[in-house]
Amino acid sequence: MQWMAWSIWGALALCFLLGIGLVLYSRRKQGQEQARKGVAERPEVSISPAAERAEPDARRWQELVSRFDLSIEEWPAPADRCSWAHQVLGIQPDWLRGAPVTLFPFLTFHNRVEESFDFLRQLRQQYDQRRLIVVRPAGVPLREDYYHACAILCFAARTGDNNSHPPRWRYFPVNVLWDWGYAPEQLQCCQLLAIARQAGCQLEGSEATPDELDLLLEGQGLPAALLQGGSLWNAEPLASTASGSFGGGVRLMTQEEIETRLRQEGWD
(Lines give C-alpha, C1' and ligand atoms only; values in the text may rest on other atoms or scores of the structure.)
Protein backbone atom coordinates (compact mmCIF):
# COMPACT_ATOMS: atom_id res chain seq x y z
CA MET A 1 0.00 0.00 0.00
CA GLN A 2 2.85 2.35 0.80
CA TRP A 3 4.30 2.03 -2.67
CA MET A 4 0.89 2.90 -4.15
CA ALA A 5 0.74 6.06 -2.04
CA TRP A 6 4.23 7.07 -3.13
CA SER A 7 3.26 6.43 -6.76
CA ILE A 8 0.16 8.62 -6.47
CA TRP A 9 2.10 11.45 -4.80
CA GLY A 10 4.85 11.16 -7.41
CA ALA A 11 2.34 11.37 -10.24
CA LEU A 12 0.69 14.43 -8.68
CA ALA A 13 4.05 16.15 -8.27
CA LEU A 14 4.96 15.39 -11.88
CA CYS A 15 1.64 16.82 -13.11
CA PHE A 16 2.23 19.92 -11.00
CA LEU A 17 5.70 20.47 -12.44
CA LEU A 18 4.48 19.89 -15.98
CA GLY A 19 1.70 22.43 -15.41
CA ILE A 20 4.19 25.05 -14.25
CA GLY A 21 6.43 24.29 -17.23
CA LEU A 22 3.56 24.68 -19.69
CA VAL A 23 2.53 28.02 -18.19
CA LEU A 24 6.09 29.37 -18.34
CA TYR A 25 6.55 28.10 -21.90
CA SER A 26 3.24 29.64 -22.97
CA ARG A 27 4.18 33.02 -21.50
CA ARG A 28 7.63 32.93 -23.08
CA LYS A 29 6.20 31.93 -26.46
CA GLN A 30 3.59 34.66 -26.29
CA GLY A 31 6.23 37.24 -25.43
CA GLN A 32 8.48 36.14 -28.28
CA GLU A 33 5.60 36.17 -30.76
CA GLN A 34 4.48 39.62 -29.65
CA ALA A 35 7.99 41.02 -30.04
CA ARG A 36 8.50 39.26 -33.39
CA LYS A 37 5.28 40.51 -34.94
CA GLY A 38 5.42 43.97 -33.47
CA VAL A 39 1.71 43.81 -32.65
CA ALA A 40 1.94 45.36 -29.19
CA GLU A 41 0.59 48.70 -30.34
CA ARG A 42 2.05 51.90 -28.99
CA PRO A 43 -0.31 54.81 -29.63
CA GLU A 44 1.10 57.82 -31.42
CA VAL A 45 1.43 60.76 -29.04
CA SER A 46 -0.56 63.79 -30.09
CA ILE A 47 1.63 66.85 -29.67
CA SER A 48 0.12 70.26 -29.05
CA PRO A 49 1.80 73.33 -30.63
CA ALA A 50 2.94 74.47 -27.19
CA ALA A 51 4.48 71.07 -26.42
CA GLU A 52 6.27 71.00 -29.76
CA ARG A 53 8.20 74.11 -28.81
CA ALA A 54 9.50 72.63 -25.56
CA GLU A 55 13.29 72.40 -25.59
CA PRO A 56 14.80 68.90 -26.02
CA ASP A 57 16.84 66.96 -23.52
CA ALA A 58 20.48 67.92 -24.15
CA ARG A 59 21.77 64.33 -24.22
CA ARG A 60 18.99 63.17 -26.53
CA TRP A 61 19.71 66.04 -28.92
CA GLN A 62 23.40 65.16 -29.05
CA GLU A 63 22.46 61.52 -29.66
CA LEU A 64 20.27 62.62 -32.56
CA VAL A 65 23.06 64.79 -33.98
CA SER A 66 25.40 61.79 -33.87
CA ARG A 67 22.90 59.28 -35.31
CA PHE A 68 21.96 61.46 -38.29
CA ASP A 69 25.27 63.31 -38.69
CA LEU A 70 23.57 66.69 -38.39
CA SER A 71 25.82 69.61 -39.24
CA ILE A 72 25.67 72.62 -36.93
CA GLU A 73 24.33 74.68 -39.83
CA GLU A 74 21.19 72.52 -39.76
CA TRP A 75 20.49 73.00 -36.08
CA PRO A 76 17.32 74.99 -35.45
CA ALA A 77 16.80 77.13 -32.35
CA PRO A 78 16.48 75.01 -29.18
CA ALA A 79 12.75 75.77 -28.84
CA ASP A 80 12.14 74.52 -32.40
CA ARG A 81 14.24 71.35 -32.31
CA CYS A 82 11.50 68.91 -31.24
CA SER A 83 9.17 70.10 -33.98
CA TRP A 84 12.01 70.17 -36.55
CA ALA A 85 13.15 66.62 -35.73
CA HIS A 86 9.59 65.34 -36.03
CA GLN A 87 8.86 67.04 -39.36
CA VAL A 88 12.24 66.47 -41.00
CA LEU A 89 13.34 63.08 -39.61
CA GLY A 90 10.13 61.56 -38.21
CA ILE A 91 11.38 61.50 -34.59
CA GLN A 92 8.81 61.48 -31.80
CA PRO A 93 9.05 64.85 -29.99
CA ASP A 94 8.55 63.17 -26.60
CA TRP A 95 11.61 60.98 -27.23
CA LEU A 96 13.70 64.06 -27.87
CA ARG A 97 12.42 65.59 -24.63
CA GLY A 98 13.70 62.53 -22.71
CA ALA A 99 10.45 60.59 -22.29
CA PRO A 100 10.56 56.73 -22.24
CA VAL A 101 9.04 56.33 -25.70
CA THR A 102 10.37 54.90 -28.96
CA LEU A 103 12.41 56.98 -31.39
CA PHE A 104 9.76 56.59 -34.12
CA PRO A 105 5.96 56.33 -33.82
CA PHE A 106 4.34 52.91 -34.04
CA LEU A 107 3.18 51.76 -37.49
CA THR A 108 1.94 48.36 -38.64
CA PHE A 109 0.01 46.83 -41.51
CA HIS A 110 0.14 43.29 -40.15
CA ASN A 111 -3.09 41.56 -41.26
CA ARG A 112 -4.25 45.07 -42.25
CA VAL A 113 -2.73 45.64 -45.67
CA GLU A 114 -5.80 47.63 -46.72
CA GLU A 115 -4.81 50.39 -44.27
CA SER A 116 -1.69 51.09 -46.32
CA PHE A 117 -3.84 52.86 -48.94
CA ASP A 118 -4.74 55.67 -46.51
CA PHE A 119 -1.14 55.97 -45.34
CA LEU A 120 0.24 56.09 -48.88
CA ARG A 121 -2.38 58.60 -49.99
CA GLN A 122 -1.25 60.99 -47.25
CA LEU A 123 2.38 60.37 -48.13
CA ARG A 124 1.70 61.25 -51.78
CA GLN A 125 -0.09 64.44 -50.78
CA GLN A 126 2.73 65.66 -48.54
CA TYR A 127 5.95 64.53 -50.25
CA ASP A 128 7.22 64.45 -53.83
CA GLN A 129 9.92 61.79 -53.37
CA ARG A 130 9.05 58.56 -51.57
CA ARG A 131 10.88 55.27 -51.00
CA LEU A 132 10.06 51.91 -49.48
CA ILE A 133 13.14 50.12 -48.21
CA VAL A 134 13.09 46.34 -47.69
CA VAL A 135 15.62 45.46 -44.99
CA ARG A 136 16.77 41.84 -44.71
CA PRO A 137 19.46 40.20 -42.53
CA ALA A 138 22.92 40.78 -43.97
CA GLY A 139 23.89 37.98 -46.35
CA VAL A 140 20.52 36.20 -46.11
CA PRO A 141 18.46 36.10 -49.33
CA LEU A 142 14.68 36.25 -49.07
CA ARG A 143 13.95 32.59 -49.80
CA GLU A 144 11.69 30.12 -48.02
CA ASP A 145 14.50 27.59 -47.57
CA TYR A 146 16.63 30.02 -45.52
CA TYR A 147 15.84 29.71 -41.82
CA HIS A 148 16.54 33.35 -40.92
CA ALA A 149 14.97 34.85 -44.05
CA CYS A 150 12.78 37.78 -43.04
CA ALA A 151 12.18 41.42 -43.90
CA ILE A 152 11.34 44.68 -42.16
CA LEU A 153 9.94 47.58 -44.17
CA CYS A 154 10.70 51.27 -43.77
CA PHE A 155 9.10 54.11 -45.71
CA ALA A 156 11.10 57.27 -46.34
CA ALA A 157 9.99 60.67 -47.68
CA ARG A 158 12.30 63.45 -48.87
CA THR A 159 12.06 66.57 -46.71
CA GLY A 160 13.54 70.02 -47.00
CA ASP A 161 15.38 71.51 -49.95
CA ASN A 162 15.96 69.05 -52.80
CA ASN A 163 19.41 70.59 -53.31
CA SER A 164 20.49 70.16 -49.69
CA HIS A 165 23.44 67.91 -48.90
CA PRO A 166 23.21 65.46 -47.38
CA PRO A 167 19.59 64.88 -48.36
CA ARG A 168 17.18 64.58 -45.45
CA TRP A 169 14.48 61.95 -45.28
CA ARG A 170 11.61 61.45 -42.89
CA TYR A 171 11.46 57.79 -41.87
CA PHE A 172 8.45 55.59 -41.12
CA PRO A 173 9.58 52.13 -39.91
CA VAL A 174 6.88 49.44 -40.10
CA ASN A 175 7.00 47.50 -36.81
CA VAL A 176 6.52 44.02 -38.28
CA LEU A 177 9.01 41.22 -38.89
CA TRP A 178 7.80 39.52 -42.08
CA ASP A 179 8.83 35.85 -41.82
CA TRP A 180 9.68 34.63 -45.32
CA GLY A 181 9.07 31.02 -44.36
CA TYR A 182 5.44 31.75 -43.44
CA ALA A 183 3.34 32.23 -46.56
CA PRO A 184 0.73 34.70 -45.14
CA GLU A 185 3.46 37.09 -44.03
CA GLN A 186 5.51 36.79 -47.20
CA LEU A 187 2.43 37.50 -49.32
CA GLN A 188 1.40 40.50 -47.21
CA CYS A 189 4.87 41.99 -47.49
CA CYS A 190 4.88 41.51 -51.26
CA GLN A 191 1.42 43.06 -51.50
CA LEU A 192 2.62 46.13 -49.60
CA LEU A 193 5.54 46.47 -52.00
CA ALA A 194 3.22 46.25 -55.01
CA ILE A 195 0.80 48.83 -53.60
CA ALA A 196 3.62 51.20 -52.62
CA ARG A 197 5.20 50.94 -56.07
CA GLN A 198 1.90 51.82 -57.72
CA ALA A 199 1.59 54.75 -55.30
CA GLY A 200 4.88 56.11 -56.60
CA CYS A 201 7.38 54.78 -54.05
CA GLN A 202 10.81 53.72 -55.25
CA LEU A 203 11.57 50.21 -53.99
CA GLU A 204 15.01 49.57 -52.53
CA GLY A 205 16.73 46.59 -50.94
CA SER A 206 18.94 47.04 -47.89
CA GLU A 207 20.59 44.87 -45.21
CA ALA A 208 21.23 45.03 -41.48
CA THR A 209 22.91 43.20 -38.63
CA PRO A 210 20.74 41.32 -36.11
CA ASP A 211 21.07 44.14 -33.57
CA GLU A 212 20.11 46.73 -36.18
CA LEU A 213 17.10 44.65 -37.20
CA ASP A 214 15.92 44.51 -33.58
CA LEU A 215 16.18 48.29 -33.22
CA LEU A 216 14.38 48.87 -36.51
CA LEU A 217 11.59 46.45 -35.55
CA GLU A 218 11.11 48.24 -32.24
CA GLY A 219 11.20 51.70 -33.83
CA GLN A 220 14.35 52.54 -31.85
CA GLY A 221 16.89 53.05 -34.63
CA LEU A 222 17.82 52.79 -38.29
CA PRO A 223 20.48 50.50 -39.85
CA ALA A 224 23.65 52.17 -41.10
CA ALA A 225 23.15 50.96 -44.68
CA LEU A 226 19.62 52.36 -44.75
CA LEU A 227 20.82 55.77 -43.58
CA GLN A 228 23.57 55.81 -46.20
CA GLY A 229 20.95 55.38 -48.90
CA GLY A 230 21.06 53.51 -52.16
CA SER A 231 19.84 50.04 -52.99
CA LEU A 232 22.05 47.05 -52.12
CA TRP A 233 19.87 44.54 -53.96
CA ASN A 234 16.88 44.60 -56.29
CA ALA A 235 13.61 44.56 -54.37
CA GLU A 236 11.40 45.13 -57.42
CA PRO A 237 10.77 41.43 -58.24
CA LEU A 238 9.24 40.92 -54.79
CA ALA A 239 6.30 43.23 -55.48
CA SER A 240 3.19 41.18 -56.16
CA THR A 241 -0.58 41.39 -55.63
CA ALA A 242 -0.86 37.60 -55.37
CA SER A 243 -2.98 36.31 -52.51
CA GLY A 244 -4.01 33.04 -50.87
CA SER A 245 -6.43 31.42 -48.42
CA PHE A 246 -5.30 30.48 -44.94
CA GLY A 247 -6.90 29.26 -41.74
CA GLY A 248 -6.50 30.55 -38.23
CA GLY A 249 -8.42 33.77 -38.84
CA VAL A 250 -5.82 35.09 -41.29
CA ARG A 251 -7.43 36.93 -44.20
CA LEU A 252 -5.38 38.58 -46.92
CA MET A 253 -6.62 41.10 -49.44
CA THR A 254 -7.44 39.32 -52.67
CA GLN A 255 -5.75 40.31 -55.90
CA GLU A 256 -9.09 41.62 -57.18
CA GLU A 257 -9.58 43.77 -54.07
CA ILE A 258 -6.11 45.29 -54.43
CA GLU A 259 -6.55 46.03 -58.11
CA THR A 260 -9.97 47.59 -57.44
CA ARG A 261 -8.52 49.87 -54.75
CA LEU A 262 -5.63 50.85 -57.03
CA ARG A 263 -8.12 51.88 -59.73
CA GLN A 264 -10.17 53.83 -57.21
CA GLU A 265 -7.06 55.70 -56.07
CA GLY A 266 -5.94 56.29 -59.65
CA TRP A 267 -2.69 54.43 -59.08
CA ASP A 268 -3.16 51.81 -61.76
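Buried residues make up 42% of the 268 residues in this chain. The model is a predicted one, and its secondary structure comes to ten helices and five strands. Of the contacts in the chain with a separation of 6 or more, 70% are between residues 24 or more positions apart.

**Exercise 1. The buried side of helix α8**

Task: Determine which residues of helix α8 (residues 210-218) are buried, and explain why they lie on the same side of α8.

Solution.
Step 1. The buried residues in α8 are Leu213, Leu216 and Leu217.
Step 2. An α-helix has 3.6 residues a turn, so residues three or four places apart point the same way.
Step 3. Around the axis of α8, the three buried leucines cover an arc of only 100 degrees, which puts them on the same side of the helix.
Step 4. Now look just past the end of the helix: glycine 219, just after α8, takes a positive phi of about 75 degrees.

**Exercise 2. Helices α3 and α4**

Task: Classify the arrangement of helix α3 (residues 58-68) and helix α4 (residues 81-89) from the angle at which their axes cross, and describe the contact.

Solution.
Step 1. The two axes come within 12 Å and cross at roughly 30 degrees.
Step 2. Angles under 35 degrees count as roughly parallel, so α3 is roughly parallel to α4.
Step 3. The handedness of this crossing of α3 and α4 is left-handed.
Step 4. On the α3 side, Trp61, Leu64 and Phe68 make the contact, and on the α4 side Arg81, Trp84, Ala85 and Leu89 do so.
Step 5. Sorted by class, the contact of α3 with α4 has six nonpolar residues, no polar residues and one charged residue.

**Exercise 3. Helices α6 and α7**

Task: Carry out the analogous analysis for helix α6 (residues 116-126) and helix α7 (residues 183-198).

Solution.
Step 1. The axes of α6 and α7 come within 10 Å and cross at roughly 30 degrees.
Step 2. The two helices are therefore roughly parallel to each other.
Step 3. The crossing in which α6 passes α7 is right-handed.
Step 4. Ser116, Phe117 and Leu120 of α6 form the contact with Leu192, Ile195 and Ala196 of α7.
Step 5. Five nonpolar residues, one polar residue and no charged residues make up the contact of α6 with α7.

**Exercise 4. Positive phi outside glycine**

Task: For aspartate 69 and asparagine 111, state the phi value, the location and the exposure.

Solution.
Step 1. As background, most residues other than glycine have a negative phi.
Step 2. Aspartate 69 has a positive phi, near 50 degrees, although it is not a glycine. This aspartate is in the loop between α3 and α4, and with a relative accessible area of 60% it is exposed.
Step 3. Asparagine 111 likewise has a positive phi, of about 60 degrees, without being a glycine. Its place is the loop between α5 (93-96) and α6. With a relative accessible area of 35%, asparagine 111 is partly exposed.

**Exercise 5. The surroundings of alanine 242**

Task: Locate alanine 242 in the chain and identify which residues it touches, not counting those up to four places away in sequence.

Solution.
Step 1. Alanine 242 belongs to the loop between α9 (224-228) and α10 (255-265).
Step 2. Its relative accessible area is 28%. Partly exposed means between 20% and 50%, so alanine 242 is partly exposed.
Step 3. Alanine 242 and threonine 254 are twelve residues apart in sequence, and their C-alpha atoms are 7.3 Å apart in space.
Step 4. With residues up to four places away in sequence not counted, alanine 242 touches Leu187 and Gln191.

Terms used. Residues are numbered from 1 along each chain as its sequence is written. This is a predicted model: local features need pLDDT of at least 70, side-chain atom pairs count only at pLDDT 80 or more; totals for chains, interfaces and linings use all residues. Side-chain values use heavy atoms; hydrogens and water are left out. Buried means under 20% relative accessible area, exposed over 50%, partly exposed in between (1.4 Å probe, protein chains only). Helices (H or I, at least four residues) and strands (E, at least two) are DSSP runs, numbered from the N terminus. The arc is that of the directions from the helix axis to the C-beta atoms. Axes are lines fitted to C-alpha atoms, for helices over the stretch in contact, and angles run from 0 to 180 degrees between N-to-C directions. Angles under 35 degrees count as roughly parallel, over 145 as roughly antiparallel, 65 to 115 as roughly perpendicular and the rest as oblique. A crossing is left-handed if the near helix is turned anticlockwise from the far one by less than a right angle, and right-handed if clockwise. Contact means heavy atoms within 4.5 Å. Ala, Val, Leu, Ile, Met, Phe, Trp, Tyr, Cys and Pro count as nonpolar, Asp, Glu, Lys and Arg as charged, and the others, Gly among them, as polar.
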